[in-house]
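Here are my notes on this one, in the order I'd go through it on screen. Have the viewer open while you read.

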Amino acid sequence: MRKGLMTMDVENAALTDVGCRRHRNEDAFFVSDEMKLYVVSDGMGGHRAGDVASRLVVEGMREYIHRVKDRADGQDSPVGSGLSREASHLVDAIGHANRKVWHAARNASDCEGMGATVSAVWIRGTTFVAANVGDSPVYCIHGETIELVSVPHNLSNGKMINGEEQPEPKGLKNILTRAVGIRERVVADVCESQCYPGDRFVLCSDGLSNRVSEEEIFQAARNLSLREATRTLVELAKARGGDDNITVVVVKVCGRERGPFSGWMTRVLGRLLPGVMKG
């Protein structure tokens, strides 16, 4: 996206809760409407220092995107990558976070074996990029539809239907097939598409998605204020057991911002065609 061209105005609400059965919160999140970057990370349950891993993930994502965000403007896609510059930067940010967790786990005995999931949305211009490793989902709500734009990296087939978790193969619940920090390198899945005024994105940890259905997420995020939606979804997950930490971020695309060029054009044409161009 070149400076001065159309970009999106966004706002968000985020909430995290330890849940009903855990003693510490191993989820972490980062949100910035200025950077238009939103990240959720879930420290791997049952592993040591899951809270450290998730914190390193969101710190690593923030550090990397802050460093490269302005370099994404007006540049072509990396040759042969199949990704835009922005998507490549988001994938590289996950790689940077992965290295932070990997090295910390190798250098501190109390962090050995730690890992985390990561799900992120980065809005650039009129485009969103979503990337993930693990099973913390990202949903895109457009009009009257909700779509999962992340790829679950787990062996679980259980789904929520009318508030009830459906049966899944015995022994496969919550087994991750991919996670951040477990190996020196990690591969993220990426989705990139246009976004429009009125669109909403929901990022959450599986402490929410395992207890709340897509339809319930859609209804809350589509019909409630951002803060009400996060609070409603967290309380719903807790009412159904809350056996894991619960984190949710809801992002709303409010409309198009005007860059310097479009503002200049409006002022000039407004003088030439009074009553036609509205500020």
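1. One term before we start: two strands pair if DSSP finds at least two bridges between them. With that in hand, take strand S6 (residues 138-142) and S11, which are joined by 4 bridges and run antiparallel. If you want a spot to check on screen, Ile141 sits opposite Arg200 in S11. Keep in mind throughout that this is a predicted model.

2. Staying with S11: how many of its residues are buried? The count is 5 of the 5 for residues 200-204, so the strand is largely enclosed by the rest of the structure. In a regular strand the side chains alternate between the two faces of the sheet. Here both faces are covered, with Arg200, Val202 and Cys204 buried on one side and Phe201 and Leu203 buried on the other. Note that an arginine is on that buried list.

3. Now the overall picture. The protein has 6 helices and 12 strands. Of its 279 residues, 46% count as buried. Looking at contacts with a separation of 6 or more, 71% come from residues 24 or more positions apart.

4. Next, the open sheet. It has 5 strands in the order S2-S3-S4-S5-S10, and the pairing is antiparallel. Which strands are at the edges? They are strand S2 (27-32) and strand S10 (189-194), each of which pairs on one side only. From one strand to the next, the twist averages 10°. Inside the sheet, strand S3 (residues 37-42) and strand S4 (residues 118-124) run antiparallel and are joined by 4 bridges. Leu37 has Trp122 as its bridge partner in S4.

5. Two helices pack on that sheet. H1 touches S2, S3 and S4, and its direction makes about 160° with that of S3. H2 touches S3, S4, strand S5 (127-133) and S10, and its direction makes about 25° with that of S5. So S3 and S4 are touched by H1 and also by H2.

6. The two helices also meet each other. The axes of helix H1 (residues 50-68) and helix H2 (residues 85-107) come within 8 Å and cross at roughly 140°. That angle makes H1 oblique to H2, because the cut-off for roughly antiparallel is over 145 degrees. The crossing is right-handed. On the H1 side, the residues making the contact include Ala53, Leu56, Val57, Gly60 and Met61. On the H2 side, they include Leu90, Ala93, Ile94, His96 and Ala97. By class, the contact of H1 with H2 has 13 nonpolar, 3 polar and 3 charged residues.

7. His96 is worth a click. It is in helix H2. Is His96 buried or exposed? It counts as buried, because its relative accessibility is 17% and the cut-off is under 20%. Leaving out residues up to four places away in sequence, His96 touches Gly60, Glu63 and Tyr64. Those three partners are listed among the H1 residues in the contact with H2.

8. Back at the sheet edge, look at Ser193 in strand S10. With a relative accessible area of 34%, Ser193 is partly exposed. What does Ser193 touch, not counting residues up to four places away in sequence? The answer is Thr126, Thr127 and Phe128. The C-alpha atoms of Ser193 and Val149 are 9.9 Å apart, with their positions 44 residues apart along the chain.

9. A backbone point for anyone checking torsions: phi of Lys36 is near 60°, a positive value in a residue other than glycine. Lys36 lies in the loop between S2 and S3. At 10% relative accessibility, Lys36 counts as buried.

10. Last stop, Gly207 in helix H3 (residues 206-209). Gly207 is buried, with a relative accessible area of 3%. Beyond its neighbours within four places in sequence, Gly207 is in contact with Ala237, Asp244, Asn245 and Ile246. For Ala237, which is 30 residues away along the chain, the C-alpha separation from Gly207 is 7.3 Å.

Terms used: Residues are numbered from 1 along each chain as its sequence is written. This is a predicted model: local features need pLDDT of at least 70, side-chain atom pairs count only at pLDDT 80 or more; totals for chains, interfaces and linings use all residues. Side-chain values use heavy atoms; hydrogens and water are left out. Buried means under 20% relative accessible area, exposed over 50%, partly exposed in between (1.4 Å probe, protein chains only). Axes are lines fitted to C-alpha atoms, for helices over the stretch in contact, and angles run from 0 to 180 degrees between N-to-C directions. Angles under 35 degrees count as roughly parallel, over 145 as roughly antiparallel, 65 to 115 as roughly perpendicular and the rest as oblique. A crossing is left-handed if the near helix is turned anticlockwise from the far one by less than a right angle, and right-handed if clockwise. Contact means heavy atoms within 4.5 Å. Ala, Val, Leu, Ile, Met, Phe, Trp, Tyr, Cys and Pro count as nonpolar, Asp, Glu, Lys and Arg as charged, and the others, Gly among them, as polar.
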